[in-house]
Amino acid sequence: MTRYEAIQEIMSGITDECVITSTGMISREVYAIKDRPRNFYMLGSMGYALAIGIGLAYTRPDLNVVVISGDGACLMSLGTLVLMQKLKLPNLTHYILDNQCHATTGGQPTCSDAIDFYDIFSNTVVYKVSGEKGEAPRIPLSCKTIKERFCASIDKQVE
Amino acid sequence: MSADKTDTYTHTIGIPYSGCEYVSCMPCTSEPEALAIAVGMKLGGAEPLVFMQDSGFLNCLNNYTSLCRPYEIWITSAVKEVSEPEHHKYSNSLFKIVWGLR
């Protein structure tokens with residue numbers, strides 16, 4: 001399965017959930033496959049999509065939150081997966097697309113082949129995907145626009 | 001930005017330091033993680049306060065500059081300066097410079 005196909009499968013089941021996407025090709029492909037105001041695309045700060053999802057899910061139990069991360073990003077913030085495991089937030093779902101490389105930057109290997117995320121973090125959904133970069137273009141939205149339309153979609157304004 | 005009153009915030013979150021007067025609403029594993037969680041809280045309409053010591057603030061520079069600034073998500077941050085003993089000296093010096101650039 002390719003990463004693109006995995007994202008297609010995930011997004012096909014999305015209705016009113018808030019979707020937080022990790023920096024790089026994951027954000028670009030989610031935008032290409034199913035752009036919607038309730039998608040919060042991270043364009044920087046690699047490794048912190050899950051933390052944002054935790055904060056949102058923790059304070060807004062009325063919302064269902066989905067986070068889509070890559071193995072490289074998760075490895076940068078492994079502690080956050082442990083925190084998620086501890087908090088057991090019922091309205092938070094975390095997908096890890098594990099291609100064992102940094103596909104966005106040219107396929108440089110990560111060290112995720114040494115473990116299986118699901119063995120350690122049983123509250124994640126892991127897709128083993130191939131490591132091609134993909135062709136989705138950059139997202140033509142400013143960071144501020146991404147935030148404003150996201151907040152409007154959940155009826156809260158951030159100043 | 002420093003914060004003297006916590007009663008105007010919905011959540012306090014951060015990494016403790018010696019003599020810390022704040023209690024985190026969840027046991028964060030790092031300062032940048034706490035800051036990113038606070039961003040998620042703020043997106044949801046909460047008003048979090050993040051606390052850390054100055055060395056932790058330096059850990060957060062990427063999230064302040066690549067997350068908070070471009071998305072214009074402003075998080076009140078209470079930062080404890082620690083300049084002694086020696087192993088705190090250099091990070092505190094750098095913190096003063098970076099803090100002054102705001």
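Helices here are DSSP runs of at least four residues and strands are runs of at least two, both numbered from the N terminus. Counted that way, chain A of this predicted model comes out with 7 helices and 7 strands. Walking along the sequence, the order of elements in chain A is α-β-α-β-α-β-α-α-β-β-β-α-β-α.

As for overall dimensions, the C-alpha atoms of chain A fit a box of roughly 40 × 35 × 25 Å along the principal axes. The radius of gyration of chain A is 15 Å, which agrees with the value near 15 Å that a compact globule of 159 residues would have. Of those 159 residues, 52% count as buried. Contacts in chain A also reach a long way along the sequence: taking those between residues at least 6 apart, 71% join residues at least 24 apart.

One buried spot in chain A is worth a look. A:Arg60 sits in the loop between H3 and strand E3 (65-70) of chain A. Despite its charge-bearing side chain, A:Arg60 counts as buried because its relative accessibility is 10%, under the 20% cut-off. The side chain of A:Arg60 makes a polar contact of 2.8 Å with the side chain of A:Asp62.

Next comes the interface. Here 27 residues of chain B are in contact with 30 residues of chain A. Together the two chains bury about 2300 Å², and 69% of that area is on carbon and sulfur atoms. Polar links are there too: 8 residue pairs are in polar contact across the interface, with both residues at pLDDT 80 or more. On the chain B side, the elements that give two or more residues to the surface touching chain A are helix H1 (31-43) and helix H3 (61-71) of chain B. H1(B) gives the most, with 9 residues. By residue type, the side of chain B that touches chain A splits into 16 nonpolar, 8 polar and 3 charged residues.

A:Ser45 gives a close-up of this interface. The residue lies in the loop between strand E2 (39-41) and helix H3 (49-59) of chain A. With a relative accessibility of 3%, A:Ser45 falls under the 20% limit and therefore counts as buried. Leaving aside residues up to four places away in sequence, A:Ser45 touches A:Thr23 along with B:Asn62, B:Asn63, B:Ser66 and B:Leu67. With one of these, B:Asn63, the side chain of A:Ser45 also makes a side-chain polar contact of 3.2 Å.

Now for the charged pairs. Side chains of opposite charge can pair when their charged atoms come close. Over all chains, the count comes to 8 salt bridges, and between chain B and chain A the count is 1. That cross-chain bridge is formed by the side chains of B:Glu72 and A:Lys144, at 3.5 Å from N to O.

A:Lys144 has a further partner within chain A, since its side chain also meets that of A:Glu148 in a salt bridge at 4.0 Å, N to O. A:Lys144 and A:Glu148 are 4 residues apart in helix H7 (residues 143-153) of chain A, so about one helical turn separates them. Both ends of this pair are partly exposed, A:Lys144 at 34% relative accessibility and A:Glu148 with a relative accessible area of 38%.

Chain B has salt bridges of its own. The side chains of B:Lys42 and B:Glu47 come together at 3.1 Å, N to O. The two ends of that pair sit in unlike surroundings: B:Lys42 counts as buried at 7% relative accessibility, whereas B:Glu47 is partly exposed, with a relative accessible area of 27%. In another chain B bridge, the closest N and O atoms of B:Lys96 and B:Glu81 are 2.7 Å apart. B:Lys96 lies in helix H4 (residues 86-100) of chain B and B:Glu81 in the loop between strand E3 (76-80) and H4, so this bridge ties together parts that are 15 residues apart in sequence. B:Lys96 is partly exposed at 48% relative accessibility, and B:Glu81 is partly exposed as well, with a relative accessible area of 39%. Finally, salt bridges that share partners join A:Lys144, A:Glu148 and B:Glu72 into one network.

Methods: Residues are numbered from 1 along each chain as its sequence is written. Chains are lettered from A and ligands numbered from 1 in the order in which they are written. This is a predicted model: local features need pLDDT of at least 70, side-chain atom pairs count only at pLDDT 80 or more; totals for chains, interfaces and linings use all residues. Side-chain values use heavy atoms; hydrogens and water are left out. Contact means heavy atoms within 4.5 Å. Buried area is the accessible area (1.4 Å probe) that two parts lose on being put together, summed over both. A polar contact is a pair of N or O atoms within 3.5 Å; within protein, one must be able to donate a hydrogen and the other to accept it, and residues adjacent in sequence count only if both atoms are side-chain atoms. Ala, Val, Leu, Ile, Met, Phe, Trp, Tyr, Cys and Pro count as nonpolar, Asp, Glu, Lys and Arg as charged, and the others, Gly among them, as polar. Buried means under 20% relative accessible area, exposed over 50%, partly exposed in between (1.4 Å probe, protein chains only). The radius of gyration is taken over C-alpha atoms; the globule rule is 2.2 Å times the number of residues to the power 0.38.
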